[in-house]
Amino acid sequence: MSLEDFMEQIRCRNMVSSSSSSSSSFHSTVYKEIEEIGWENLLSLSEDLRLLSILIPDKRGKVYTLEILLDETHPKGQPSLAADVPHMFDVDWSKKSTIKDVVHQFLEHVDKLGDLWSTLDNIDQCLWVVDPKDVSHSILHRQIKIEDSCSLVLSINADDPRSLPECRFIGSDPEVNTFRDTWRRNCKKWRKDNHVSENLAVVLETQLPGPPSNNHKNEQQVECGICYAQCLPFDDELGDKSGSETDYTCENGNCNRSFHTICLEDWLRSISSTRQSFDVLFGTCPYCSDPVAVKINPKRVNF
């Protein structure tokens, strides 16, 4: 064996030894830091020990799942965090920081969001929330049912959750115009000391419906026979129809398919046999071929 080959073997052995030592040091560091926060709080741990899911209860009794992705150079490099909160804090990290330090900083962060949590909880527990379907504190909008043909989308300010929220009404024009005028007339009556449900009853001059029963929820979840979604997406181009549920049902009792009028209008426009009279499209149901008639959106191009 030449001297060069011998020296190359020595270098390779040193590299393997160094890598093994580094990996062993990383593992022991992670295990020690998990011990500090308690193994009972560990929800999951990846095979490489870099991704941790930790259960963290706050002083109100609410339990959060905090996901921590450790840097490859941990504890030198700063970890990445994810949790069901509207925004994450900037981690204060140094080479001496540990997972326990991250947990303490996270608790300080969520403690500041107490008013936001109580505001969202009041909406979710006292009102009929159409969207989002699954309650999440990371989502700051709520679509609330007012009546069968009208709903209200509230956007909660995370920095001042008890203040008057931004709102948008969805539904048929007569109902939307009425509630919009009422909102503008009474919005100054909004009081930060009151719950959102109480403020809405005062501002809108009506008692909003509470959460539906589980059976009623299942009955309400009707998908559009064209786009196969219950609600239209939130899109400014859709105007008052943005986020709305199905609002047209075939009158054939054996069919009874539901549609978004916008989807049905688009479908009818694509059929050569469709006829238009003034602002109404006349055609046939996509499923049973029975006659259907849809009033077109005035903002759209004529057929």
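How much space lies in the largest cavity? The answer is about 80 Å³. Keep in mind that this structure is a predicted model.

**The cavity and its lining**

The count comes to one cavity of 30 Å³ or more. Rolling a probe the size of a water molecule over the atoms shows where empty space is left. If you would like to find the largest cavity in the structure, look for the residues that line it: S118, T119, N122, P161, R162, S163, W190, K192, N194, H195, V196 and N199. Two elements, α3 and α5, each give two or more residues to this lining. Helix α3 gives the most, with three residues. By character, the lining divides into three nonpolar, seven polar and two charged residues.

**Helix α5**

Helix α5 runs over residues 196-203, and its buried residues are V196, S197, N199, L200 and V203. Seen down the helix axis, these buried residues fall within an arc of 160°, so they line one face of α5. A general point about helices helps here: an α-helix has 3.6 residues a turn, so residues three or four places apart point the same way.

What covers that buried set? The cover includes α3 (114-126), β6 (141-147), β7 (150-155) and α4 (173-186). Two of the buried residues of α5, V196 and N199, also appear in the lining of the largest cavity. After the helix comes E205, whose phi is positive, near 60°.

**Two residues to look at**

Here are two residues side by side, with their burial.

| Residue | Relative accessible area | State |
|---|---|---|
| D131 | 18% | buried |
| P211 | 43% | partly exposed |

D131 is found in strand β5, which spans residues 129-131. D131 counts as buried because its relative accessible area is 18%, and the cut-off for buried is under 20%. Which side chain does the side chain of D131 meet in a polar contact? The partner is the side chain of H141, at 2.8 Å. Leaving aside residues up to four places away in sequence, D131 touches H141, R142, Q143 and F234.

P211 sits in the loop between α5 and α6 (214-220). Although P211 and C126 are 85 residues apart along the chain, their C-alpha atoms are separated by 6.3 Å. With residues up to four places away in sequence left out, P211 touches D124, Q125, C126, L127 and W128.

Methods:
Residues are numbered from 1 along each chain as its sequence is written. This is a predicted model: local features need pLDDT of at least 70, side-chain atom pairs count only at pLDDT 80 or more; totals for chains, interfaces and linings use all residues. Side-chain values use heavy atoms; hydrogens and water are left out. Buried means under 20% relative accessible area, exposed over 50%, partly exposed in between (1.4 Å probe, protein chains only). Helices (H or I, at least four residues) and strands (E, at least two) are DSSP runs, numbered from the N terminus. The arc is that of the directions from the helix axis to the C-beta atoms. Contact means heavy atoms within 4.5 Å. On a 1 Å grid over the protein atoms alone, a cavity is a set of points where a 1.4 Å probe fits but cannot get out, and a pocket is an open set with protein on both sides within 12 Å along at least five of seven lines; lining residues have an atom within 4 Å of a point. Grid points are joined across faces, edges and corners, and a volume is the space filled by probe spheres set on the points. Ala, Val, Leu, Ile, Met, Phe, Trp, Tyr, Cys and Pro count as nonpolar, Asp, Glu, Lys and Arg as charged, and the others, Gly among them, as polar. A polar contact is a pair of N or O atoms within 3.5 Å; within protein, one must be able to donate a hydrogen and the other to accept it, and residues adjacent in sequence count only if both atoms are side-chain atoms.
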